Amino acid sequence: MTVVNLENITKVYAMGSVEVRALDGVSLEISEGDYVCIMGPSGSGKSTLMHIIGCLDRPSSGRYYLCGQDVSQLDSTELAHIRNRRIGFVFQQFNLLPRETVLGNVEIPLMYAGVGGSDRRRIAMDALARVGLGDRMHHRPAEISGGQKQRAAIARALVNNPSLILADEPTGNLDTRTGSDILAILDGLNAEGCTIVLVSHDRSVAERARRILHLRDGSVERLEHLRAEEPAERGAESNGHS
Amino acid sequence: MGIAEIVGLALRNLWANKLRTALSVLGIVIGVASVITMISAGSSAQKQITSDISALGSNMIMVTPNLKPGARGRSYEHLLTISLAEQIQAAAPEVSAVSPVAQTEGRLIAGSSSTSAMITGITPAYTRIASSRIALGRSLVQSEVDAAAHSMVLGSRVASDLFGSEDPIGRQVVVVSSGRRATFTVVGMTASRAAVFWFNADTQVFVPVTTLIHRMSPIKRVSSYFCQARSPETTAAAVAQVERFLASAAGTSDAFNVASQQGLVDAVKQVTATMTLLLGTIAGISLVVGGIGIMNTLLTSVAERTREIGVRKSLGACNRDILLQFLSEALVLSMLGGTVGMLLGWLGGAGIARIAGWPVSVDLNSVIAAVSFSTAVGLIFGTYPAVQAARMDPVQALRYE
């Protein structure tokens, strides 16, 4: 099943009187279970692409099908709903809310999904256990380490069983060892069937993925297949045009 | 998201900034408290004044000549006779009693003591109309009026000025007024009562109106007529009858001013209501200032929490969720302020009434008005920051440092 299908996506910003083409005709297909890294120098449009894939932003033109649904022209409320149900974000700065406990942070997507009371607590606790943070759930974000924060953020990304996990430089604020722990968690999730899109400028991080999408000046420079022989990938290729 | 969850979130966020929350609540507290204090003080004052006016007499109608001459400079002074009282009563069936009232100032001497007082000429009906109570002796009787007798009832203050604590009944008082002297015998003393406006019964002495007019010239004319309506319900009809009679007697309706006690009460109520509204409005301005305080707090909070808004949106919060989150914070602030302000306002209103010696009167309507107004203030001033927060672009908000 195709999770992400981008068709000729462009994004144009008006900077004063000048038009800036952040994305210029990007097409990409990501099937279920895939692990794609978006790489590129700063200004290549990788953040913009990530925002569009994450339904935080809308393309200026082109089509974006997420799990078969055209999401390119949805309104802000519908996009919020899609983000809630389909996408799990992992940010470079963790973006945990400081006033909430770790558990409270993980409960937020469930709260906006309308999951109440004891169910919410149980699902959030399960997600925390899954990333090995079961013993820190009542701490505030300020009381735990960077690696633990990112684990909490991954747990938060997982709670609504998203179709896609979107990780924007997830190791950017971590030391190498902690970073590789976090990448190992993402590897594990991918092995369990999670579809992952990672944004990084670090080649060693990107090589964890099955494919690397090289962006330059808003266009796809090349699509590098690292483990193209794997069956999930082939499935995606054959299903892509059906 | 349920309402309970939204309010819970608002409470937690407000609790996290206790000082800021307390300060912005304080604005509303002061606003609501001052509105309620002002309005209840006004309503207490009104109650006091109206009860004072009611004590002036029962179903009283005051007829006074207009001081300025009527049409074509004509004077109606010749109409102001003692017998006009009887004519009024005969012409107005709803009037049960009429007393002519003539007044002059004079000096009173008893032995070595002397004092000045308002000398009021009346008929026995006056005692009933003006609800005056006799503390010692008796009131004036009709035979004394008929005979223009030199009998006198003292106001309590005059009695104590002239005789101290001694019994004044049967004592002689010399009255000096406009160069004339006459000796009166004290037959009674009125009970002390509170002064209302210019009217203080305690500093008057009462003599038969005939004595004052016929024997103590130059007081030739009656100065007013006190009438009594048969019942409170017929006061308006009685006023109309008296007015009709006087207009036909004088040939114009301008000659006399006919005012019922109820009319006076209404006029005072109107004046105090206007004053209360004025004070309440000034206090209401402080409520608006409190609202601006809430808006300021929320705008700061929205700016500080830009990133949080971005994170919440990325996790699936829609604009409505964010709007309700901030709006509920505004409402919690204003309603908290409204409740505390209501309690303080109630205490303030009761305190002012107690100090002034007025009856305590906290108007329930003012409480409802102040609390609902403060809630409205929260809504109005909370909407702009909440809309700002809700409309934030998630990408921009996430980038915010």
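## A tour of chains A and B

Start in chain A and select A:Phe94: at a relative accessible area of 10%, this residue is buried. The model you are looking at is predicted. A:Phe94 lies in the loop between strand S6 (87–90) and helix H3 (102–112) of chain A. Check its backbone. Phi of A:Phe94 is near 65°, a positive value in a residue other than glycine. Most residues other than glycine have a negative phi.

Next, select A:Asn8. Here too phi is positive, near 55°, and the residue is not glycine. A:Asn8 sits in strand S1 (residues 2–15) of chain A. Is A:Asn8 buried, partly exposed or exposed? Its relative accessibility is 49%, so A:Asn8 counts as partly exposed.

The last stop in chain A is A:Ile182. Find it in helix H6 (residues 176–191) of chain A. With 0% relative accessibility, A:Ile182 counts as buried, the cut-off being under 20%. Now show what surrounds the residue. Beyond its neighbours within four places in sequence, A:Ile182 is in contact with A:Gly147, A:Gln150, A:Arg151, A:Ile154 and A:Leu174. Add A:Thr171 to the selection. A:Thr171 is eleven residues from A:Ile182 along the chain, and their C-alpha atoms are separated by 7.2 Å.

**On to chain B**

Colour chain B by domain. The domain assignment gives domain 1 (3–52 + 266–399) and domain 2 (67–254). Taken over C-alpha atoms, the centres of domain 1 and domain 2 of chain B are 56 Å apart.

Select B:Gly251. You are in the loop between helix H8 (235–250) and strand S10 (256–260) of chain B. B:Gly251 counts as exposed, at 63% relative accessibility. Which distance separates the C-alpha atoms of B:Gly251 and B:Tyr76? The answer is 9.8 Å, with the two positions 175 residues apart along the chain.

**The helices of chain B**

Now pick helix H2 (residues 18–55) and helix H12 (residues 364–390) of chain B. They pack at an angle of about 155°, with their axes 9 Å apart. Angles over 145 degrees count as roughly antiparallel, so H2(B) and H12(B) are roughly antiparallel to each other. Their crossing is right-handed. Show side chains at the contact. H2(B) brings B:Ile28, B:Val32, B:Val35, B:Ile36 and B:Ile39. H12(B) brings B:Ser366, B:Val367, B:Ala370, B:Ser374 and B:Val377. Eight of these contact residues are nonpolar, two are polar and none is charged.

Keep H2(B) selected and add helix H11 (residues 319–356) of chain B. The axes of H2(B) and H11(B) are 6 Å apart, and the packing angle is about 35°. H2(B) passes H11(B) in a right-handed crossing. The contact of H2(B) with H11(B) has 15 nonpolar residues, twelve polar ones and no charged ones.

Finally, swap H2(B) for helix H1 (residues 3–16) of chain B and keep H11(B). The packing angle is about 65°, with the axes 8 Å apart. That makes H1(B) roughly perpendicular to H11(B). The crossing of H1(B) and H11(B) is right-handed. Which residues meet here? From H1(B) come B:Ile6, B:Val7, B:Leu9, B:Ala10, B:Leu11, B:Asn13 and B:Leu14. From H11(B) come B:Leu324, B:Gln325, B:Ser328, B:Glu329, B:Val332 and B:Leu333. The contact of H1(B) with H11(B) divides into nine nonpolar residues, three polar and one charged.

Conventions. Residues numbered from 1 in each chain as written. Chains lettered and ligands numbered in written order. Predicted model: local features only at pLDDT ≥ 70, side-chain atom pairs only at ≥ 80, totals over all residues. Heavy atoms only, no water. Domains from an automatic or database assignment. Axes fitted to C-alpha atoms, helices over the stretch in contact; angles between N-to-C directions. Helix = DSSP H or I, 4+ residues; strand = E, 2+ residues; numbered from the N terminus. Parallel < 35°, antiparallel > 145°, perpendicular 65-115°, else oblique. Left-handed = near helix turned anticlockwise from the far one by under 90°. Contact = heavy atoms within 4.5 Å. Nonpolar A, V, L, I, M, F, W, Y, C, P; charged D, E, K, R; others polar. Buried < 20%, exposed > 50% of the residue type's maximum accessible area, 1.4 Å probe, protein only.
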